[in-house]
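Hi,

Here is the structure I said I would pass on. Have a look at it first, and then read my notes underneath.

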Amino acid sequence: MKTPVGPEVETPQWHSAEIDSVLSTLKSDRKTGLGADEAQERLAQYGPNRLPEPKARGPLVRFFSQFHSLLIYVLLAAAGVTAVLGHWIDTGVILVVVWVNAVIGFIQEGKAEAALAAIKDMLAPKASVLRDGRRITLPGENVVPGDIVLLEPGDRVAADLRLIETRGGLRVQEAVLTGESVPVDKSLDPVPAAAALGDRGSMAFSGTMVASGQGRGVVVATGANTELGRISHLIGEVRRVQTPLTRQMAVFARWLTAFILAVSAVILAAGLIFGGYGFTELFMAVVGLSVAAIPEGLPAILTVTLAIGVQGMASGNAIVRRLPAIEALGSVSVICSDKTGTLTRNEMMVASVATAERLFNVSGAGYAPRGGFQLNGDVAIATDYPLLAKLSRAALLCSEAELERRGEDWTVVGDPMEGALVTLACKAGLDADAERRSHSQIDAIPFDAQHRFMATLHHDPEGAAAIYVKGAPERLLDMCQSQATEAGEAAPLDQDYWRAQADAIAARGHRVLAIAVKAGERDQTGLDFADVDGDLMLVGLVGLIDPPREEAVNAVAQCRDAGIRVKMITGDHAGTAAAIARELDLENTSRVLQGVDVDGLDDEALRRQVQEIDVFARMSPEHKLRLVKALQAEGEVVAMTGDGVNDAPALKCADIGVAMGLTGSEAAKEAAEIVLADDNFATIAAAVKAGRTVYDNLKKAIIFLLPVNGGESLSLVVALLLGLTLPITPLQILWVNMVSSVVLAMTLAFEPSEPNVMRRPPRPPGEPILSRFVLWRVGFVSVLFSAGIFGKFALAQAQGASIEEARTIAVNTLVVMEIFYLFSVRYLHGPSMTLRGVVGTRPVLIAVAAVAGLQFLFTYAPFMETFFGTRPLSLSQGLQIVAIGLLVLIILELEKRLVRAVFLPRSPDPSRA
């Protein structure tokens, strides 16, 4: 943080400093603020109160950088080759694919750079400050260090402030910075210098919202020097990681390019030395070999497969902002989830109630007035326990929040904790509106962080007065002399019992409130501190919690079945985090690592700890970023979920950033690759399934295309090396590659999930696309296809067919083998010769019909004879070709059964696969 009085002064810890010291350091006056001239000088010295503009590349540089990829270079080379051959349509198709990929990348990169701009929008547009002793309203960007800022409910804090005055219980909603699920009570007392961000009660931070009360604070930091600015700087420093797919495709492109160039050079040299070909003839043959080896349709199929996955995920409430992100979900091995609003409902609920004789558990979800009470595991009816009913009525009347129903959803107007107390009363069978009408509120003492309680005075229809008080247990215990009994009498206060109950409720991660009552005077019309201090009767304690989503519990179990660890990383308190983790059934909940603990660990030690611990509390943005990096250093593929600005750096750094769409800040959404439209952790599990399916389908497409190209290439290589007639011409190869191969492979993008997709462990992040299984399958099927091509070509010539007719047979044999191979490759983890496998999906059947029609056109249309040198075939020749295709399918199914146990991953529990 930059000190606003000059570089020669050491920067103080504002939150730990006394108010007078802060004002003296900043040369400001609490009553008059800054003078207009002084403010103008400071504005010139420190600049406007806004975040710096991010450095961005120009649009032309950004666009042309999209072509800087080896795979794109290979495609451009393929376009050049087809142009040399005079196949301008094919050249145009390839260039269109390259152009579309560049445009998509250009648009997505522009969206990603909007993260910093989204944070800028969180700065307050206006602020009320003291200048020359007068209150004025000015643009937020004109606030300077030393200004005295006035805070009121609903205000967005304009800069980082050291509070110098609070009234009416100043509370600030800091979820965007700390993840704290409820507004934070503010006070004037200094806090320890080492206090976590969420524990700095003497500060109000830029971008947060005033929930209740009033206050004043002196500006200690503006613009880039604020906590919000620090997070903006973190986002700017974080480099977005590549997804496994983009990394693997880069490796794949390098290997493919090197292989094609090496084989072409060898063939050219060998042909010149041993083959007896002329250079021009041999060169064109090598060009044909290059065309055969390059899978021109792969980028288009890759894009379509990802796009189809994106559409499917969007219908499931997961919006994908960057196409490769959907595939990367299939590799995720760890999900780091924010707590508030993601794993929990972001709605306070009373979960436990303690009276002098009993401890009740409360069921339900959020603010919906549905649920009930349990006592020792059995259902308890509130009307059977007068003391429970009395506590519920007192909690209701000492609250001013109201519940609103919007369709099936219930929301609270007012303080979230008070909303939870209203819901408690409804569960106890009380009519909130009727109770408030019959017990009208006459006066109140609002909650304040200084006295830590709220009190209200009520009159019933007969005119009897009652005082209801709620507040911190330790405060109310000092204010009570007695406790209520089930019989409705007052008994001496048992301090030890109540402190033990408060500790037990707090140990469950609940926020504890005490409820007390007192009879008032019939004619009493006012309420002051003397009326409530010292002779209250304690009715009981309530424990409040932001409950976990029911569907999140199931989703965590699903992730565990899929071999994915779920870790909770939150800015909330350790006890609350541990309690929620236990309810979610996370694996390791016995230990909680806090931010202060992370500060004491070097990177190596943190890498060890992060593998053993699943609950992290009181985490700052830097802590979250370090945790993500530590997991990545251990080889994990990390998905990070979050909704606040404090989550944005970690969201950007993670392999997959997942932001909340309903409650998430714009900064979080822009930093993430995926946005959950329903803010539901359960949607992540569905997204992981979709991601695994997309990768499976991409792998199937590669395993389908490469052997086709391999079979064509191998046929040409054998013919060139042995000095034989080419069984297929380069032009015919282009027909197969750009028509039948692409059409058939495209159907794999629509394949549904295989049955065991969520019972398999995550794909190792270092696993290449060209895995052992893929290399085996490409080699085996390439040989099989080459044998089929050469075999049918040679057999046709032996039966007296002309070269043109034999080549037509060879091309049709290749296409038929492709069709039967498609049915085999649809199932990598199971047999294909089943009713479901034979029938296929609608896209498969449509594609097969289309390819069959095109091949009839290729074979029998007279103009095709002109272009491709084809000849019509007889029925018996056609049946022989189909028989070859069926034989290929049988051989592949036998091969699949033999090699499946060696190459393909097994599920964690084989009995469940």
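Below is what turned up, starting with a pair of helices and moving on to salt bridges and two single residues. Keep in mind that this is a predicted model.

**Two helices side by side**

Find helix H19, residues 550-561, and helix H26, residues 681-722. Their axes come within 7 Å and cross at roughly 30°. Angles under 35 degrees count as roughly parallel, so H19 and H26 are roughly parallel to each other. The crossing of H19 past H26 is left-handed.

Which residues make the contact? On the H19 side they are Glu551, Ala552, Ala555, Val556, Gln558 and Cys559, and on the H26 side Phe681, Ala682 and Ala685. Sorted by character, the residues of this contact come out as seven nonpolar, one polar and one charged.

**Salt bridges**

How many salt bridges does a search of the whole structure find? The count is 32. Here are some to click on.

Start with aspartate 185 and arginine 171, whose closest N and O atoms are 2.8 Å apart. Aspartate 185 sits in strand E5 (residues 184-185) and arginine 171 in strand E4 (residues 160-173), so this pair, 14 residues apart, links distant parts of the chain. Are the two partners buried or exposed? Aspartate 185 is partly exposed, with a relative accessible area of 34%, while arginine 171 is buried at 9%.

Next, look at lysine 186 and glutamate 174, which meet through their side chains in a salt bridge of 2.5 Å, N to O. This pair also links distant parts of the chain, with the two positions twelve residues apart in numbering. Lysine 186 is in the loop between E5 and strand E6 (203-204), and glutamate 174 is in the loop between E4 and helix H7 (175-178). Buried means under 20% relative accessible area, so lysine 186 counts as buried at 1%, and glutamate 174 is buried too, at 0%.

Then there is the salt bridge between glutamate 357 and arginine 358, at 3.4 Å from N to O. Glutamate 357 counts as partly exposed, with 45% relative accessibility, and arginine 358 is partly exposed as well, at 25%.

Salt bridges can also join up. Arg200, Glu227, Arg230 and Glu622 are linked in a network of them.

**Two residues to zoom in on**

Aspartate 415 lies in the loop between strand E15 (409-413) and helix H15 (416-427). With 18% relative accessibility, aspartate 415 counts as buried. Which residues is aspartate 415 in contact with, leaving aside its neighbours within four places in sequence? They are Arg171 and Ala401. You have met Arg171 already, as the salt-bridge partner of aspartate 185. As for alanine 401, it is 14 residues from aspartate 415 in sequence, yet their C-alpha atoms are 5.9 Å apart in space.

Proline 473 is in helix H17, residues 473-479. Proline 473 is buried, with a relative accessible area of 9%. Not counting residues up to four places away in sequence, proline 473 touches Ala502, Val512, Ala514 and Leu541. Have a look at leucine 513 as well: it is 40 residues from proline 473 along the chain, and the two C-alpha atoms are separated by 5.8 Å.

Happy clicking!

Key: Residues numbered from 1 in each chain as written. Predicted model: local features only at pLDDT ≥ 70, side-chain atom pairs only at ≥ 80, totals over all residues. Heavy atoms only, no water. Axes fitted to C-alpha atoms, helices over the stretch in contact; angles between N-to-C directions. Helix = DSSP H or I, 4+ residues; strand = E, 2+ residues; numbered from the N terminus. Parallel < 35°, antiparallel > 145°, perpendicular 65-115°, else oblique. Left-handed = near helix turned anticlockwise from the far one by under 90°. Contact = heavy atoms within 4.5 Å. Nonpolar A, V, L, I, M, F, W, Y, C, P; charged D, E, K, R; others polar. Salt bridge = Lys/Arg side-chain N within 4 Å of Asp/Glu carboxyl O. Buried < 20%, exposed > 50% of the residue type's maximum accessible area, 1.4 Å probe, protein only.
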